[in-house]
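Hi,

Here is the structure I promised to pass on to you. Please have a look at it first, and then read my notes underneath.

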Amino acid sequence: MTPERESTRERTPAGATAASRPRARLDQPRPPRRRILPEWDPEAFGRLSEKIARFLGTGRFIVWMTIVIIAWVVWNIAAPRQLRFDQYPFIFLTLMLSLQASYAAPLILLAQNRQDDRDRVNLEQDRKQNERSIADTEYLTREVAALRMGLGEVATRDWIRSELQDLLKDLEERRRHESHVVFPAERAERSPGRDADDR
């Protein structure tokens, strides 16, 4: 075998299908495909549809549309015949209004769908926030109950005050009772003649 044939044999992969297909490089991004249809940013289109839907839902749009229709009708009735572009049945005006309605309805629906998506995300976030707050309140309730149970065994300031007041009352009552009872030493001082007689 010649060295040229050996080098070509090493370069080309074995098999009929592998030789005909070019190898894709995995370390590089694929080149962008050519598309027949034009590409657009769905977010930008959605924002534009929301702006249009907001404008269509205002009184300003109704006023402007009324002014345009009145001007259209007056022009096609009062203008000279050669300057009129839409004769009495106003077929072109009907076509323009139906065209406007056919574009307005999908734009309004698209804006409503986007609003529904936003509402769904907001509701999901609110639901998660409510779950977190419920879990927090349950945890705090358990903690407060544990503190109450712990405080039931601890002497509080009011309890100590009431106990001290009870002790003071007991001491005062004993002192009153002891003032009536005479101790042996006090008896000796109070009745010295009696002690002398006893001796």
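**What I found**

Let me begin with one residue: Glu 124 is partly exposed, with a relative accessible area of 33%. Here, buried means under 20% relative accessible area, exposed means over 50%, and partly exposed is what lies in between, using a 1.4 Å probe and protein chains only. Before going on, please note that this is a predicted model, in which local features need pLDDT of at least 70 and side-chain atom pairs count only at pLDDT 80 or more, while totals for chains, interfaces and linings use all residues. Residues are numbered from 1 along each chain as its sequence is written, and side-chain values use heavy atoms, with hydrogens and water left out.

**Salt bridges**

The side chain of Glu 124 meets that of Arg 127 in a salt bridge, at 2.4 Å from N to O. The term stands for a side-chain nitrogen of Lys or Arg within 4 Å of a carboxyl oxygen of Asp or Glu. Both residues sit in helix α5, three residues apart, about one turn of the helix. Helices (H or I, at least four residues) and strands (E, at least two) are DSSP runs, numbered from the N terminus. Arg 127 also meets Glu 131 in a salt bridge, at 2.6 Å from N to O. Glu 131 and Arg 127 are separated by about one helical turn because they are four residues apart in helix α5. An α-helix has 3.6 residues a turn, so residues three or four places apart point the same way. Arg 127 is partly exposed at 39% relative accessibility, and Glu 131 is partly exposed at 45%.

How many salt bridges does the structure hold? There are eight. Another one of them joins Asp 158 and Arg 161, whose closest N and O atoms are 3.9 Å apart. These two both lie in helix α6 (residues 157–180), three residues apart. Glu 43, Glu 50, Arg 114 and Arg 118 are joined into one network by salt bridges that share partners.

**The chain and its helix α5**

The chain has eight helices and zero strands. Of its 199 residues, 9% are buried. Among contacts with a separation of 6 or more, 51% are between residues 24 or more positions apart; contact means heavy atoms within 4.5 Å. The accessible surface comes to about 18800 Å², with 59% belonging to carbon and sulfur atoms. Such areas come from the Shrake-Rupley method with a 1.4 Å probe, and for residues only the protein chains shown count as cover.

Helix α5 has 62 residues and reaches 89 Å from its first C-alpha to its last, close to the 92 Å expected at 1.5 Å a residue. The expected span is 1.5 Å times one less than the number of residues. Its buried residues are Leu 93, Ala 104, Leu 107, Ala 111 and Arg 114, and they pack against α3 and α4.

Which residues does Arg 114 contact, leaving aside its neighbours within four places in sequence? They are Pro 42, Glu 43, Gly 46, Arg 47, Ser 49 and Glu 50. Arg 114 has a relative accessible area of 16%. Ser 49 lies in helix α3 (residues 42–56) and is buried, at 0% relative accessible area. With the same neighbours left aside, Ser 49 is in contact with Leu 107, Leu 110, Ala 111 and Arg 114.

**Aromatic rings and a nonpolar patch**

A search of the whole structure finds four aromatic pairs. One of them is Phe 55 with Phe 61, edge-to-face, at 5.6 Å centre to centre and 75° between the planes. Rings of Phe, Tyr and Trp (its six-membered ring) pair if their centres lie within 6.5 Å; planes under 30 degrees apart count as stacked, over 60 as edge-to-face and the rest as tilted. Phe 55 is partly exposed at 36%, whereas Phe 61 is buried at 16%. Trp 72 and Phe 92 form a tilted pair, at 5.5 Å and 35°. This pair links distant parts of the chain, with Trp 72 in helix α4 (residues 59–78) and Phe 92 in helix α5 (residues 91–152), 20 residues apart. Trp 72 is buried at 14%, and Phe 92 is partly exposed at 37%. Together with Phe 85, these two form one aromatic cluster.

Phe 92 also belongs to a nonpolar surface patch of about 820 Å², along with Trp 75, Leu 83, Phe 85, Leu 95, Met 96, Leu 99 and Tyr 103. Patches are made of residues with over 30% relative accessible area and no salt bridge, where like charges are joined within 9 Å and nonpolar side chains (Val, Leu, Ile, Met, Phe, Trp, Tyr) within 5 Å. Helix α5 gives the most to the nonpolar patch, with five residues.

Best wishes
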